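Visitor: I should like to learn how to read the features of a protein model. Could the strands be taken up at the start, followed by the pockets and the salt bridges?

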Amino acid sequence: MKKIAVFTSGGDAPGMNACIRAVVRTAIYHGLEIYGINRGYEGMIEGDIKRMQSHSVSNIVQRGGTILKSARSMEFKTPEGREKAYNQLQSLGIEGLVAIGGDGTFTGAKLFFEEYGIPTVGCPGTIDNDIYGTDYTIGFDTAVNTALDAIDKIRDTAAAHDRVFFIEVMGRDAGFIAVESGIGGGAEFVLVPETKSDIDLIVKSLKNLRKSKSSSIIVVAEGDELGSAQTIMQLVKDRIQDPSKDFKVTTLGHIQRGGKPTARDRVLASRCGMAAVEGLLAGNTNCMAGVINGEVLYTPFQDCIGKTKPIVSDHLKLIHLLSI
Ligand code: ATP
């Protein structure tokens, strides 16, 4: 293998730049020509591909976002789109890919390999942490710390005015950000898509809690089956029926995607980036480089896509137990 390319795809995540840097420099170290594909599969189809050098990734390790930009490409989901992408790679002689993204990105890469034999190694780049085959994903730690910082600030005002705050964090299908920011922020409740949320229990507990505490924090993952933080707040408020109680909602939104990556994310991203290139060279492809129990391991795309990473049950117990 002489020429490879790297791209970022799906939702952006802090640490993607550190990963691109590691891929580019590891490739150069091993004597490969390295190309950067802009805007994920969309740029691959359009041939928006540029040669990268060591200096192309100078001064980016500390920056959020992705210098290669990211996109969601509907066209790549069609056979015609993938054929165009293959022709673009062929014209440049690109023989292998490093895909930094989530499970959708890996689904596309797996299909592309099956159809055209282009080997790919993935790096888990998503703030949601919902990828099987790695203990943590690139961007998750930064997103949790951003949410935590906001929760700490909200707690100050919640305590000053005896308020109940419902804080919505990101996580359409997974509650990892909610759980870890909830534990770190001392939330009374954390509502996540993985478990059934019980309004009656929340109402009962809030009534009891009010004897010992005046303010409460409830963290809601955006994908909770009961609805948004706003909807859940209204359900609780209607049942508590106490005009003296002040209920507030804050949706943290896209601030969780931005900002400079934490040390943990930079290190994880660098390790995965190096492992991805070395995986390609060793023929360890059609898989994702992740870190499990401190060790870099390759997991087949099939498992990353098909298996669900559960929330640690200890974590849910912890929230319940510590909120008394
Ligand atoms: P995140 O978890 O941050 O959303 P993701 O990688 O899961 O990241 P998606 O939008 O699901 O994000 O997928 C990224 C891109 O991968 C899609 O825009 C599409 O181009 C490609 N892709 C996803 N699913 C498929 C599929 N079934 N076939 C071909 N390509 C796909």
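Guide: Two strands count as paired if DSSP finds at least two bridges between them. Helices (H or I, at least four residues) and strands (E, at least two) are DSSP runs, numbered from the N terminus. Here strand β10 (residues 287-292) pairs with strand β11 (residues 295-300) in the antiparallel sense, over 6 bridges. This is a predicted model, in which local features need pLDDT of at least 70 and side-chain atom pairs count only at pLDDT 80 or more, while totals for chains, interfaces and linings use all residues. Residues are numbered from 1 along each chain as its sequence is written, and side-chain values use heavy atoms, with hydrogens and water left out.

Visitor: Which residue in β11 is the bridge partner of Val-291?

Guide: The partner of Val-291 is Val-296. The hairpin of β10 and β11 has 2 residues between the strands, and Asn-293 takes a positive phi near 50° there.

Visitor: How is a pocket recognised, and what is the volume of the largest pocket?

Guide: On a 1 Å grid over the protein atoms alone, a pocket is an open set of points where a 1.4 Å probe fits, with protein on both sides within 12 Å along at least five of seven lines; lining residues have an atom within 4 Å of a point. Grid points are joined across faces, edges and corners, and the volume is the space filled by probe spheres set on the points. For the largest pocket the volume is about 850 Å³. Its lining has 38 residues, and those nearest the centre are Arg-72, Gly-102, Asp-103, Gly-104 and Thr-105. Helix α4 gives the most to this lining, with 6 residues.

Visitor: Where does the largest pocket lie with respect to the domains?

Guide: The domain bounds come from an automatic or database domain assignment. The largest pocket lies between domain 1 (3-139 + 261-306) and domain 2 (144-256), because both give residues to its lining.

Visitor: How many residues of each class line the largest pocket?

Guide: Ala, Val, Leu, Ile, Met, Phe, Trp, Tyr, Cys and Pro count as nonpolar, Asp, Glu, Lys and Arg as charged, and the others, Gly among them, as polar. The lining of the largest pocket has 10 nonpolar, 15 polar and 13 charged residues. In the second largest pocket, with about 290 Å³ of space, the lining has 8 nonpolar, 3 polar and 3 charged residues.

Visitor: How many salt bridges are there?

Guide: A salt bridge is a side-chain nitrogen of Lys or Arg within 4 Å of a carboxyl oxygen of Asp or Glu. The count is 11. Lys-3, Glu-33 and Arg-51 are linked in a network of such bridges.

Visitor: Is Asp-141, which meets Arg-264 in a salt bridge, buried or exposed?

Guide: Buried means under 20% relative accessible area, exposed over 50%, and partly exposed in between (1.4 Å probe, protein chains only). Asp-141 is buried, at 13%, whereas Arg-264 is partly exposed, at 47%. Their N to O distance is 3.8 Å. The pair links distant parts of the chain, 123 residues apart: Arg-264 is in helix α9 (residues 263-282) and Asp-141 in helix α5 (residues 140-161).

Visitor: What separates Asp-149 and Lys-153 in helix α5?

Guide: Asp-149 and Lys-153 are 4 residues apart in the helix, so about one helical turn separates them. Their side chains meet in a salt bridge of 3.0 Å, N to O. Lys-153 is exposed at 53%, and Asp-149 is partly exposed at 40%.
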